[in-house]
Amino acid sequence: MELTNIPHLSSSSSFFFSSCRSRRRTGKAVITALAAGSRCSADSACPEPIEQHNVDSLSVASGPANTQCYRRRGFAAVALLPFLLPHVDMASAADSYDGSIIQNGVRNVLTKVKAAGVLRLVFHDAGTFDISDKSGGMNGSIIYEADRPENAGLSKSLKILRKAKEGIDQVQQVSWADLIAVAGAEAVALCGGPEISIRLGRLDSSTADPTGKLPEETLDVVALKTSFGKKGFSTQEMVVLSGAHTIGGKGFGNPNAFDNAYFKVLLEKPRPTSSGMPIGLPTDWALTEDDECLRWIDIYAEDEDKFFADFRDAYTKL
């Protein structure tokens, strides 16, 4: 099932992305990962419409207003319908199914040091999407793909989230796809980035997605545009999502701070080095060789708020 057009969401392989279209369960919910210092609230449902095929439109109830804050970071949640539980009264179950449980489970295992790897999981799970046949996407198939060369190192992040999943599943079932999507948003917020609303209800794949779907780190800018276009992304969205490299060990400023340092560094030509090692991936610097990409790099280097807003929209599209 497809989720489209929602205006709001390190290894040798590049951190690349595809549209997170995925099969979705009946029902929907929105939870929000808030930046540090935000106030807790449970009444922040996303008003925008969601495009779904063959899915009934069901109302959702708000979760409890009093929930645990993590490191002064608040959250808002509306209830997630208990689609994994058969033979239940959906109206009453919606009152007791709390999407904040997923957030709290993630927060129990997530740190700033682990944030980049967890965010990378989102892009590599979603990056298999192919708009031509609507295959792949955000479906949890990454749990079967960790041994692939392009996913080197992701087994550590999966291990972290597996621990969270074990705790969450004791209270209510959560799919890998929903868990990874929420965890990525939490990773961004934990490092000081924008708050991102996440719609829940993804079903997990039972098999690995096809190989060769992720953009290779050696692609030039023309090939990158083609690859992202096949996944439903514009050049602007490609550039803003690439800004996720601002965290992690690629050398773009503070590795634990989600900010616009990525774009500022890209404007420093020739390509700089850190501790004798080149900063970033070849695909990062390929963006600087294209006038259209450079225009967006300039914009985001000058305006961090614009970067945050556009990244939120693009992540939500995932």
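Lys306 is partly exposed, with a relative accessible area of 32%; buried denotes under 20% relative accessible area, exposed over 50%, and partly exposed what lies in between, for a 1.4 Å probe and protein chains only. This is a predicted model, in which local features need pLDDT of at least 70 and side-chain atom pairs count only at pLDDT 80 or more, while totals for chains, interfaces and linings use all residues. Residues are numbered from 1 along each chain as its sequence is written, and side-chain values use heavy atoms, with hydrogens and water left out.

The partner of Lys306 is Asp310, with which a salt bridge is formed, the closest N and O atoms being 3.3 Å apart. A salt bridge is a side-chain nitrogen of Lys or Arg within 4 Å of a carboxyl oxygen of Asp or Glu. Asp310 counts as buried, at 11% relative accessibility. The two residues are four apart in helix α11, so about one helical turn separates them. Helices (H or I, at least four residues) and strands (E, at least two) are DSSP runs, numbered from the N terminus.

By the rule given above, the count of salt bridges comes to eight. Another of them joins Lys317 to Glu237, with 3.1 Å between the closest N and O atoms. This pair links distant parts of the chain, as Lys317 belongs to helix α11 (residues 304-317) and Glu237 to helix α7 (residues 235-242), 80 residues apart. Both Lys317 and Glu237 are buried. In addition, salt bridges link Lys225, Asp290 and Glu292 in a network.

A further salt bridge connects Lys213 and Asp130, whose closest N and O atoms are 3.1 Å apart. Lys213 lies in the loop between β3 (196-202) and α6 (221-230), and Asp130 in the loop between α3 (112-126) and α4, so the pair ties together parts that are 83 residues apart in sequence. Asp130 is buried, with a relative accessible area of 16%, whereas Lys213 is partly exposed at 24%.

Lys213 also helps to line the second largest cavity, together with residues including His124, Glu145, Arg148 and Pro210. On a 1 Å grid over the protein atoms alone, a cavity is a set of points where a 1.4 Å probe fits but cannot get out, and lining residues have an atom within 4 Å of a point. The volume of this cavity is about 40 Å³, a volume being the space filled by probe spheres set on the points, with grid points joined across faces, edges and corners. Its lining has two nonpolar, five polar and four charged residues.

The loop between β3 and α6 also holds Ser205 and Thr218. Ser205 is buried, with a relative accessible area of 14%, while Thr218 is exposed, with 60%. A polar atom of the Ser205 side chain lies 2.7 Å from the backbone oxygen of Thr207. Ser205 and Ala177 are 28 residues apart along the chain, and 8.7 Å separates their C-alpha atoms. For Thr218 and Thr283, 65 residues apart in sequence, the distance from C-alpha to C-alpha is 6.2 Å.

Helix α4 (residues 154-169) contains Lys165, which counts as buried at 14% relative accessibility. Neighbours within four places in sequence left aside, Lys165 is in contact (heavy atoms within 4.5 Å) with Val174, Ser175, Trp176 and Leu179.

Terms used
1 Å grid on protein atoms, 1.4 Å probe; cavity = no way out; pocket = protein on both sides within 12 Å on 5 of 7 lines; lining within 4 Å. Nonpolar A, V, L, I, M, F, W, Y, C, P; charged D, E, K, R; others polar. Polar contact = N/O pair within 3.5 Å; in protein donor to acceptor, adjacent residues only side chain to side chain.
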